[in-house]
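Subject: Structure for your review

Dear colleague,

Please find below the structure that I am handing over to you. My findings follow directly after it.

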Amino acid sequence: MLGGMIGAAEMLSSYLPDDPYAEKFHRIILETADRSAGLVGKLLAFSRDETQVSSIVNVHEIIEETIVLLTNTIDKKITIETNLDADSSRVMGDPSQLQNVFLNMAINSSHAMPDGGNITISSTTLELDSTFCEASLFNLRPGRYLEVKVKDEGTGIDAEYIDRIFDPFFTTKKKGKGTGLGLSAAYGSIRQHKGAISVDSKVGEGTVFQVLLPVTNLKPQSKRVVREKIKGEGRILVVDDENIMRTIAKATLES
């Protein structure tokens, strides 16, 4: 349904008159549909058992990209430091999901420091044995893991809330300030990546989020990127059990 809404709204853009009033409502349709799609995506990330997209990902690069995004959005009184000391930072996973994990943890840390402070993102490589893996609540296998920690100097989390911090829709923020899905989506994403996520916090002393991801020794293959647009001729068969999606796909391909 959201695919149909977003696709149809995007196709309408070329037919809209040059009218700021019409453009305003067109933009509202797209923005609210995109937000709804994002909400659904977070719920699915929490509930899925398997990663949908898997490729070789350099987590250090994702963290650096995340910091660029954060420096443009969080309070200027907050500084971000990195100690990326892990000797291996490649994992199998979905880069967008992993970036959302680090974004959500860092944004939560920033919200816990209304008067400013420091966020430290660090990494190291650990060797997990069978004893540790068997005691874990996550589906871990013995081997080498990338450990990423996000530490802040914020207000901390009350002990009564710490066990619920990853529950969907749970939030300690005021009404309208958060959906309570950021950390639950992070939990779901890390579980899909066969890793683990935990939090340690003390009121008045700050919070540390820890993520464990199994490292891979595989190296990414270089891909040739075709940048020019190509207009084709011929016949394409679109197969989908939803008439809405067939209509949108047909119009998009024809355009």
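I begin with Asp 75, which counts as partly exposed because its relative accessibility is 36%. Please note that the model is a predicted one. The side chain of Asp 75 meets that of Lys 77 in a salt bridge, with an N to O distance of 3.9 Å. Lys 77 is likewise placed in the partly exposed class, at 48% relative accessibility.

A search of the whole structure gives three salt bridges. Another of them joins the side chains of Asp 87 and Arg 144, at 2.9 Å from N to O. This pair links distant parts of the chain, 57 residues apart: Asp 87 belongs to the loop between strand 2 and strand 3 (90-93), and Arg 144 to strand 5. Asp 87 is exposed, with a relative accessible area of 63%, whereas Arg 144 is partly exposed at 32%.

In helix 8, Lys 250 forms a salt bridge with Glu 254, and their closest N and O atoms are 2.9 Å apart. The two residues are four apart in that helix, about one turn. Lys 250 is partly exposed, with a relative accessible area of 48%, while Glu 254 is exposed at 55%.

Helix 8 (residues 243-254) also holds Arg 246, a partly exposed residue with a relative accessible area of 32%. Beyond its neighbours within four places in sequence, Arg 246 contacts Val 238, Asp 240 and Asp 241. Its C-alpha atom lies 9.2 Å from that of Gly 4, although 242 residues separate the two in sequence.

Turning to the sheet, five strands form an open arrangement in the order 2-4-5-7-6, with mixed pairing. Strand 2 (78-84) and strand 6 (196-202) are the edge strands; each has a single partner strand, so one side of each is left without a neighbour in the sheet. From one strand to the next, the twist averages 15°. Strand 6 pairs with strand 7 (residues 206-214) in the antiparallel sense over seven bridges, and Ser 201 has Thr 207 of strand 7 as its bridge partner.

Two helices lie across strands of this sheet. Helix 3 (residues 59-71) crosses strands 2, 4, 5 and 7 and runs at about 170° to strand 2. Helix 4 (residues 95-111) lies across strands 2, 4, 5, 6 and 7, at about 170° to strand 7.

Finally, Tyr 21, Phe 25 and Ile 28 make a nonpolar surface patch of about 320 Å². Phe 25 lies in helix 2 (residues 20-47) and is partly exposed, with a relative accessible area of 39%.

Yours sincerely

Technical notes: Residues numbered from 1 in each chain as written. Predicted model: local features only at pLDDT ≥ 70, side-chain atom pairs only at ≥ 80, totals over all residues. Heavy atoms only, no water. Pairing = 2+ DSSP bridges. Axes fitted to C-alpha atoms, helices over the stretch in contact; angles between N-to-C directions. Contact = heavy atoms within 4.5 Å. Patch = residues over 30% accessible without salt bridge, like charges linked within 9 Å, V, L, I, M, F, W, Y side chains within 5 Å. Areas by Shrake-Rupley, 256 points an atom, 1.4 Å probe, with all protein chains shown as cover. Salt bridge = Lys/Arg side-chain N within 4 Å of Asp/Glu carboxyl O. Buried < 20%, exposed > 50% of the residue type's maximum accessible area, 1.4 Å probe, protein only.
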